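Reader: I should like to understand how the terms used for a protein model are justified. May we go through them one by one?

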Amino acid sequence: MNKRPLCIFALFLAGMIWILHLGGVPIPGISPPVLPEDCGAKAVLVEGLLYRTEETSFYTILYLRRVRLIQNSEKIYPIDNIKVNIKKESMEDSLVPGMTVNIKGNLKEIPLPSNPGQFHERNYYYARKIRWYMEGQWVGEVQKDRDFFLFWRNRIKEKIKEKILSIASVDTGGLFCAMLLGDKKEMEKQTVLRLQISAMAHCVAVSGTHLSVLGWGLFRILRSLRLPLPLNTGICSFLMIQYGILTGSSASAIRAVILFVLAVGALAAGRTFDLPSAMALACIFLILDSPAWLLDSGFLLSFGAVLSLAVFQPAIKTGKQGKIRQTYNGSCSVFLGLLPIQMQFFCEVPLFGTLVNLVVLPTMGIVLMTGIAGCIGAIFSIEAGKLLIFPGDLILKGYLKIGEIIQQIPFAVAITGAPKLWKVAVYYGMLFFWYVVKRKAGIIVPLFFVIFLAFGIPDQNLQVHFLDVGQGDCAVLQKGRRVYMIDGGSSDVSGVGRYRILPFLKWKGISVIHGVFLSHMDGDHINGIEELLEAIIQKETCLRIKNLYLSCCKEKEEELKRIEKLGKEAGCRIFYIQKGDRILNKQLQITCLYPENEQGESNENSQVLYVKGRHISLLFPGDLEGRGEETLEKILEEGTFPIQILKVAHHGSKNSSKDTFLNRVNASIGIISCGKENSYGHPHPELMERLEARGIRPYLTPERGMITIREERKTGKVSFQLKESMIE
């Protein structure tokens, strides 16, 4: 290592940035951007170079760089790259990358996740130098002068994409676009899922395999034509740099391009190519260009995979090595090296990845070569293109079939949760010790390290997590391995079940929910649960829900039948509960206080749950109001139900939690779950005044993100864990 100063510097640079970031020190490229003092964020005019466009059902998405903010038509300030959402009806001109455009709209900081496990938009876009969102109002004064390279790269990419889709089969066209062009928009959701479940997602990442086939293939062709070596090197390097940019400049693509350029450059200069030093240089280049790459899963997986092959594969080398054995050892090496990263970012691990890669890794080159050959053949004849791409098309269908088979296996993916930082450090420490001291010991010893990292003793303290689901409700109760949910839905967050609730459950390592209570059938309480049930039915997750607890309501009979049908298809047992029903689990008690019958309107007939731990008690009244709230007051008077924490009903509406009810409850803490700047005006000022008058301290999810209440069994202490640092 002392002969490789680049490696030492790369490790030092990455380590320093990590330490400073964890210590809260502002770092350019990672810290939020700041506008000039005399500039506002609302109704501003920006000018920038359009370098990428996307289309959704109602919006056009524009990506701008070289952005300038124009203040009062006089002052001009350069700002960071912007992602613009603009309604299609506001678009008058057809825009293509390479144009310079003016856009008026409202600038917003890219938000942080409000729940653990949620996709980290800020880290993702900061790594790609996009540091602002804009809600565009109109696009004007489109300047027709274009960035030559950007314009023609886009035109070439679109033409190649057209050829691929015309010669590949319907099932594989999107896969070929992703593999050859880095364009994943044509991939079906089911295809993406099967690749993830079977650990084949790396197939669609532009990486070193592409440059081995495309770059070195071109280099050998030009060499056979007796082109001078320096000229050959220059042409291949230039074209591969353009290819890396064309495919989206991902971390894996940039790494592969840098390694290729260094390799052919070393060959032309008559020098030795050193892979570790080349990797270090690529790492330094990326980090200096955008430090946020260090927080990006793609960057860590890309560099981690190559590093794992270089370090761990020799350590598990035993006996004579055939091609199959080499592939297997390489796959095991990558698994060992990337396991903590996989767990941290995705909180689950595909269990059949090592075996699947025995088929995938040796055949990926064939897929790429036939894909390239098919595109070239399609220039002359579509039929010739179809014939040339056919072998790769057949192999990709085989990949999809493997994914389909694995998807049907109940435990093809293990939900592991995100590991603690200290466990990751110990894991890599044990791997390093094994590598240094126990070389040639095979794969058995590291399996114990994997078990240490992936499994842990469950926390026996009661934890109640109030998730931020926008304008909706969702609470997760966890005690040891027992997990219950109360509601799960939202009226303003699209895909709340798939993109907020399920990621949180994975982050916590929850693979089994013992019961889901649905207070009533309004969408903002159940649509996320419906998404989870549909995902279970479609084998899109290995999460299991054992029981659904519903309450009868004449007004919502159709909705009840629908959720009951979904639950049964997902393997749940269905229970209808009412006043007096109770679930006991050691020191956790869940009692249904209401409804008494199936009459009444949906909100006023909400299921009311009283949750009691050893030292903590909570009341969950759903959207209870009106006569339902009055009846609950009487029930509370008749029984002994001390309440410390009130989940404030109906998202803090004016018509719930009346004075007499709050007096009867006599809680000290109120949790309010609602959407940020929601159209209902929740929580209502009058409700907040009522809480304040009784000394009930409110905690709001739109202000603090997910709120966790944790009960300490031994001390009786009840602590709050707030995610307020995660919210703007």
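Author: Certainly. In this predicted model, the charged end of Arg128 sits over the ring of Tyr124, 3.8 Å from its centre.

Reader: What makes the charged end of Arg128 count as sitting over the ring of Tyr124?

Author: A charge must be within 6 Å of the ring centre and within 35 degrees of the ring normal. The distance for Arg128 and Tyr124 is 3.8 Å, which lies within the 6 Å limit. The charged end of Arg52 likewise sits over the ring of Tyr63, 4.4 Å from its centre. Tyr124 also belongs to a cluster, in which ring pairs link it with Phe119, Tyr125 and Tyr133.

Reader: How many aromatic pairs are found in the whole structure, and why is the pair of Phe466 and Phe620 called stacked?

Author: The search finds 19 aromatic pairs. The ring centres of Phe466 and Phe620 are 5.8 Å apart, and rings pair if their centres lie within 6.5 Å. Their planes stand at 20 degrees, and planes under 30 degrees apart count as stacked; therefore the pair is stacked.

Reader: What does the pair of Phe466 and Phe620 tie together?

Author: Phe466 lies in strand S9 (residues 463-466) and Phe620 in strand S20 (residues 617-620), so the pair ties together parts that are 154 residues apart in sequence. Both Phe466 and Phe620 are buried.

Reader: How do you know that Cys177 forms no bond with Cys375?

Author: A disulfide requires two cysteine sulfur atoms within 2.5 Å. The closest cysteine sulfur to that of Cys177 is in Cys375, 8.4 Å away, and therefore too far for a bond. Cys203 is in no disulfide either, as the nearest cysteine sulfur, that of Cys177, is 16 Å away. By this rule the count of disulfides is zero.

Reader: Why are Cys177 and Cys203 called buried?

Author: Buried means under 20% relative accessible area. The value is 0% for Cys177 and 1% for Cys203, so each is buried by that limit.

Reader: What makes the link between the side chains of Thr708 and His465 a polar contact?

Author: The cut-off for a pair of N or O atoms is 3.5 Å. The contact between the side chains of Thr708 and His465 is at 2.8 Å, within that cut-off. Thr708 is found in strand S24 (residues 707-711). Thr708 is buried, because its relative accessible area is 1%, against a limit of 20%.

Key. Residues are numbered from 1 along each chain as its sequence is written. This is a predicted model: local features need pLDDT of at least 70, side-chain atom pairs count only at pLDDT 80 or more; totals for chains, interfaces and linings use all residues. Side-chain values use heavy atoms; hydrogens and water are left out. Buried means under 20% relative accessible area, exposed over 50%, partly exposed in between (1.4 Å probe, protein chains only). Helices (H or I, at least four residues) and strands (E, at least two) are DSSP runs, numbered from the N terminus. A polar contact is a pair of N or O atoms within 3.5 Å; within protein, one must be able to donate a hydrogen and the other to accept it, and residues adjacent in sequence count only if both atoms are side-chain atoms. Rings of Phe, Tyr and Trp (its six-membered ring) pair if their centres lie within 6.5 Å; planes under 30 degrees apart count as stacked, over 60 as edge-to-face and the rest as tilted.
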